[in-house]
Amino acid sequence: MRLDLFDNTDVFTRGRPAWVEMVWLVVQAFFVNSWIPGSLHRIFFLRIFGAKIGKGVVIKPGVRVKFPWRLAIGDYSWIGEDVWIDNLAQVNIGNHCCISQDVYICTGNHDWENERFSLISSPVTVKDKVWLCAKSVVGPGIMVNEGAVLGLSSLAVNDLNPWSVYKGVPAKLSSKRNKQA
């Protein structure tokens, strides 16, 4: 790979002008990623910058979102402390989801076979009633299906089946869950 040749302009768009992204970074540092308790100000600023956020959502301190205009969160979902949503592509989080502290949702990678180390991005979808346990990681292009659980410090590199529990690095099916109404 030749990092001096890196140029992702032909494969990636940031989705907003540079000045909007710059304002977002300042607002995020002071209000979204801050220690200030409460969710309302986080939700307010995320929505102002284009995030679609449902009712009853809780967003804890320390959350980082790369591009709020590429984020949708359903009703009554919780986003825990220090969650990083690195959304170079769209991230959709369903209803009644728990994204626990220090979870990393990653939508981007690089093509190590390409001399230019080109950026590759792929959306992540987290369906309803999912629990991503603390310090777990969801990789680019992953579908976390309804009711799935990704265990503590586990790494999802493949889609997770509905109503199933996954653990480990990489995450492997551990058990099934009873489907909830």
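Here are some questions and answers on this predicted model.

User: How many helices and strands are in the chain?
Analyst: Let's start with the overall build. The C-alpha trace spans about 50 × 40 × 25 Å along its principal axes. As for the elements in the chain, the count is two helices and 19 strands.

User: Why does the chain count as being as compact as a globular protein of its length?
Analyst: For 181 residues the globule rule gives 16 Å. The chain comes out close to that, so it is as compact as a globular protein of that length, with a radius of gyration of 17 Å.

User: What share of the residues in the chain is buried?
Analyst: On the outside, the chain exposes about 9,500 Å², and carbon and sulfur atoms supply 59% of that. Buried here means under 20% relative accessible area. Of the 181 residues in the chain, the buried ones make up 44%.

User: Which element gives the most residues to the largest nonpolar core?
Analyst: That core has 43 residues, and those with the most contacts inside it are I93, I99, I105, V126, L132 and V144. The elements giving it two or more residues are α1 (18-32), α2 (40-48), β4 (71-73), β7 (91-93) and β12 (124-126). The top contributor, with four residues, is α1.

User: Which residues does I93 touch, leaving aside its neighbours within four places in sequence?
Analyst: I93 is one of the core residues with the most contacts inside the core. Once those sequence neighbours are set aside, its contacts are L71, A72, I73, G74, S77, I79, I85, I99, I105 and V126.

User: How are the rings of F44 and F45 arranged?
Analyst: Across the whole structure, a search turns up six aromatic pairs. For F44 and F45, the ring centres are 5.0 Å apart and the planes sit at 75°. Planes over 60 degrees apart count as edge-to-face, so this pair is edge-to-face.

User: Of F44 and F45, which is buried and which is partly exposed?
Analyst: F44 has 47% relative accessibility, so it counts as partly exposed. F45 has a relative accessible area of 17%, and the cut-off for buried is under 20%. So the partly exposed one is F44, and the buried one is F45.

User: What about F67 and W69: stacked or edge-to-face?
Analyst: Their ring centres lie 5.3 Å apart, with the planes at 25°. F67 is buried at 0% relative accessible area, and W69 is buried at 10%. Both rings belong to one aromatic cluster with F12. Given that plane angle, the F67 and W69 pair is stacked.

User: Which residues is E21 in contact with, beyond its neighbours within four places in sequence?
Analyst: E21 sits in helix α1. At 12% relative accessibility it counts as buried. Its contacts outside that sequence window are R14, F67 and W69.

User: Which ring does R64 lie over?
Analyst: R64 is placed over a ring face, 3.7 Å from the ring centre. The residue carrying that ring is W84.

User: Which elements do the buried residues of α2 pack against?
Analyst: The buried residues of this helix are H41, R42, I43, F45 and L46. After α2 comes G50, with a positive phi near 110°. The packing partners of those buried residues are α1, β1 (52-53), β2 (58-59) and β3 (64-65).

User: What does S100 contact, leaving aside its neighbours within four places in sequence?
Analyst: S100 is in the loop between β8 (98-99) and β9 (104-106). It is buried, with a relative accessible area of 9%. Its contacts are G80, V83, W131, L132, C133 and A134.

User: Which residues does the cis peptide bond with omega of about -5° join?
Analyst: Most residues other than glycine have a negative phi, and most peptide bonds are trans. Here P170 lies in the loop between β18 (164-167) and β19 (172-176). The cis bond joins V169 and P170.

User: What phi does D102 have?
Analyst: D102 lies in the loop between β8 and β9. At 32% relative accessibility, it counts as partly exposed. Although D102 is not a glycine, its phi is positive, at about 65°.

User: And what is the phi of Y76?
Analyst: Y76 is in the loop between β4 and β5 (78-79). It counts as partly exposed, at 41% relative accessibility. Y76 is not a glycine, yet its phi is positive, about 55°.

Key: Residues are numbered from 1 along each chain as its sequence is written. This is a predicted model: local features need pLDDT of at least 70, side-chain atom pairs count only at pLDDT 80 or more; totals for chains, interfaces and linings use all residues. Side-chain values use heavy atoms; hydrogens and water are left out. Rings of Phe, Tyr and Trp (its six-membered ring) pair if their centres lie within 6.5 Å; planes under 30 degrees apart count as stacked, over 60 as edge-to-face and the rest as tilted. Buried means under 20% relative accessible area, exposed over 50%, partly exposed in between (1.4 Å probe, protein chains only). A charge sits over a ring if NZ of Lys or CZ of Arg is within 6 Å of the ring centre and within 35 degrees of the ring normal. A nonpolar core is a set of buried Ala, Val, Leu, Ile, Met, Phe, Trp, Tyr and Cys residues joined through side-chain atoms within 4.5 Å. Contact means heavy atoms within 4.5 Å. The radius of gyration is taken over C-alpha atoms; the globule rule is 2.2 Å times the number of residues to the power 0.38. Accessible areas come from the Shrake-Rupley method with a 1.4 Å probe; for residues, only the protein chains shown count as cover.
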